[in-house]
Amino acid sequence: MERKFPYLCKPITIGRVTFRNRMFSAPMGGTDITNDGCIGPKSTAFYELRAKGGAGAVTISECMVHPKTDGSHAYHLDTAILNSLASFTYTADAIRRHGAIPSVELSHSGMYSGTYMTDKSRQHGLAQWGPSACVRPDGVEVGELTHEMIDEIVAAYGQVAGLAKRAGFEMIMVHGGHGWLINQFLSPWFNHRTDEYGGSIENRCRFARRVLQSVREAVGPGFPIEFRMSGSELFEGGYTLEDGIAIARELEDGIDLLHVSAGTYQRGFGDTHPSMFKEHGCNVYLAAEIKKHVSIPVATIGGLNDPAQMEEIIKSGKADVVYMARALLADPFLPEKVMANRDEEIVRCLRCFTCMAERAATATRRCTVNPLIGREMEGDRVLPAPEKKKVLVAGGGPGGLYAAWTAARRGHQVILCEKEDSLGGILRSEQALPFKYEMYQLAGTYTHLARKAGVEIRLNTEVTAEYVEREAPDALIIAVGSRPLLPPIPGLKGDNVVVVNNYYKEKDKVGEDVVVFGGGLAGCECAIHLGQEGRTVHIVEMRDVLAPDANVRHRPLLLKEVEKYATVHTGCRGLEVRPDGIWCEDKEGHQFLVPGKSVIAALGQRSCTDIVEELQDGAPFVRIIGDAARVSTITNAVYWGYHAALDI
């Protein structure tokens with residue numbers, strides 16, 4: 001067969017191991033890490049799904065090599081821990097049986113030991129050790145590793161690598177980036193030693209070189225060793241790309257695959273994990289430049305989800321392998337679809353950070369566009385229903401589309417009705433914001449999948465009680481969404497006001513001076529876009545903070561963008577919308593004008609409860625999903641829609 005993306009699909013041999021394609025699953029932490037560091041069954045299923053989906057390699061993350069100095073936040077592979085070796089063995093087997101190569105990332109947190117520790121009761125009792133003594137910004141004292149400690153940690157890398165090989169892993173990734181211990185030795189910001197481990201780049205690389213040698217002695221010749229590094233630390237005082245090249249050249253003779261990432265967790269989360277405000281592949285230049293100076297294969301990573309872009313990266317020689325993490329949460333079967341020339345079916349990652357926010361907030365996994373994530377043990381295939389039924393879905397937003405697609409895959413007769421002339425619901429408004437275009441694109445992908453599964457789509461069709469009675473469905477899924485909230489504020493319905501949901505249709509009405517009325521997530525993102533277009537933007541928000549509805553990972557990056565592009569007025573109540581702005585009152589009772597000839601109303605949404613009440617007795621099985629049930633997130637709409645269809 002002729003491959004549409006032949007370079008991505010071409011096998012690659014690293015060491016003595018051949019990988020089936022160039023699309024690798026990047027290190028991601030699991031979903032049920034036990035307190036003693038074992039891989040739980042949910043995590044095994046989590047990793048297995050990426051292997052089923054066609055990735056060339058799947059990397060387990062992170063295995064901390066030295067519990068004595070690093071309790072940390074992830075796995076420990078240690079024969080002293082009951083079930084430790086067994087859990088790794090079962091996981092390696094679960095990956096390998098689908099044709100992917102199992103790999104494990106070996107790491108040490110150094111001065112950040114315990115940062116994301118599973119057992120929170122032990123977190124603050126850990127001693128912190130790094131290349132140099134210091135006090136962390138959070139006030140925690142860090143001790144300098146002695147030569148004896150360094151020797152012990154180096155040996156531990158080898159011991160754990162040997163156990164990983166015994167468990168069935170066929171590649172080892174040594175984590176030397178992102179601000180963890182090896183990176184701390186490489187970095188002039190962290191490393192102030194005056195002995196053989198500090199000073200020159202050669203000395204700062206000594207610890208990493210010894211670790212690689214220890215791993216090689218344990219796994220033997222031909223076994224692939226991958227080294228993950230930050231091509232640049234991307235902050236003042238850290239090492240530069242020029243230094244990254246020197247580090248790569250210093251270490252390459254101990255490496256089979258050089259994995260070039262970027263930044264540090266501690267000083268640049270949005271660099272290491274590029275947000276929607278950055279270009280896809282914004283860090284590829286680091287790998288491309290380093291590749292010019294080394295003779296070993298190079299891998300790249302950073303917000304990649306488009307097979308055409310990834311094909312160009314490989315074809316042009318910027319890298320030999322592309323890694324994806326979030327993209328394979330959104331669609332674990334992305335590699336399989338690429339291999340089968342079905343790229344139009346790929347569900348793209350939105351870079352919304354729901355996955356990482358859930359990790360931080362609840363120690364679980366959830367993906368906005370993929371309800372399987374974190375729940376893989378429930379089954380990753382939609383099975384036929386024992387009895388075929390007629391299903392009517394009212395509303396063509398993301399939840400309704402996902403429900404319709406799922407119900408059709410189960411073999412039901414599915415009719416989806418949308419009262420507008422296009423599908424997507426609230427996602428339609430995202431087409432006006434370039435950095436959120438993938439949310440608009442999502443509606444098109446879900447629509448394509450629904451049509452392919454056999455869903456009958458009826459546009460310009462409002463579902464009423466009479467309509468439901470005529471159709472007489474066995475099951476009714478109500479996904480009618482929400483309406484913009486427009487309180488009775490004088491002037492809010494004036495000609496100079498555009499509701500944020502309608503901005504994509506009424507962009508021409510918005511002038512150069514704009515007040516965004518409402519500082520929630522939607523208002524802030526619209527303000528950023530307007531500012532990026534060069535307009536003067538003010539945000540008026542009654543609460544004391546902006547975007548409390550944004551998740552914990554996206555919000556800090558969002559606020560940085562707001563700071564660049566808008567003047568913010570929090571704690572201000574809008575009293576009246578005028579032709580020249582919004583008349584406001586602050587908490588002290590002072591009244592003033594926030595100027596702007598155009599106003600974007602972003603004051604929230606309200607569920608369409610009147611429609612729900614009209615329809616809720618329309619069929620034997622009725623389920624209300626998404627904003628129709630409770631104004632919430634795309635994540636909940638998709639999740640509820642999926643499970644509603646499974647319950648029919």
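Author: Let's start with rings. Rings of Phe, Tyr and Trp pair if their centres lie within 6.5 Å, and planes over 60 degrees apart count as edge-to-face. Keep in mind that we're looking at a predicted model.

Reader: Okay, how many aromatic pairs does that rule give here?

Author: The count comes to 16 aromatic pairs.

Reader: And how do I read a single pair, say Y75 and F88?

Author: In general, you describe a pair of aromatic rings by the distance of the centres and the angle of the planes. For Y75 and F88 the centres are 6.0 Å apart and the planes stand at 80°, so this pair is edge-to-face.

Reader: Where in the chain do Y75 and F88 sit?

Author: Y75 is in the loop between strand 4 (57-64) and helix 3 (84-96), while F88 belongs to helix 3. The two are 13 residues apart, and the pair links distant parts of the chain.

Reader: While we're around strand 4 and helix 3, what about the backbone?

Author: The general idea first: most residues other than glycine have a negative phi, and most peptide bonds are trans. Now the cases here. S61 and E62 are joined by a cis peptide bond, with omega about -25°, and E62 is found in strand 4. Then there's N83, a residue other than glycine whose phi is positive, near 75°. N83 lies in the loop between strand 4 and helix 3.

Reader: Let's turn to charges. How many salt bridges does a search of the whole structure find?

Author: That search finds 37. One of them joins the side chains of R97 and E48, at 3.0 Å from N to O. R97 is in the loop between helix 3 and strand 5 (101-107), and E48 is in helix 2 (residues 41-52), so to speak a link between distant parts of the chain, 49 residues apart.

Reader: Zooming out, how is the chain divided?

Author: Into domain 1 (12-378), domain 2 (390-484 + 607-647) and domain 3 (497-603). The centres of domain 1 and domain 2, taken over C-alpha atoms, are separated by 39 Å.

Reader: What do domain 1 and domain 2 bury between them?

Author: About 1,700 Å², with 62% of it on carbon and sulfur atoms. In terms of residues, 23 from domain 1 are in contact with 19 from domain 2.

Reader: Which polar features turn up between domain 1 and domain 2?

Author: There are six residue pairs in polar contact. On the side of domain 1 that touches domain 2, you'll find eleven nonpolar, five polar and seven charged residues. The rule also finds one salt bridge across this interface. E345 and K452 form a salt bridge through their side chains, at 2.2 Å from N to O.

Terms used
Residues numbered from 1 in each chain as written. Predicted model: local features only at pLDDT ≥ 70, side-chain atom pairs only at ≥ 80, totals over all residues. Heavy atoms only, no water. Domains from an automatic or database assignment. Contact = heavy atoms within 4.5 Å. Buried area = accessible area lost by both parts, 1.4 Å probe. Salt bridge = Lys/Arg side-chain N within 4 Å of Asp/Glu carboxyl O. Polar contact = N/O pair within 3.5 Å; in protein donor to acceptor, adjacent residues only side chain to side chain. Nonpolar A, V, L, I, M, F, W, Y, C, P; charged D, E, K, R; others polar. Phe/Tyr/Trp six-rings, centres within 6.5 Å; stacked < 30°, edge-to-face > 60°. Helix = DSSP H or I, 4+ residues; strand = E, 2+ residues; numbered from the N terminus.
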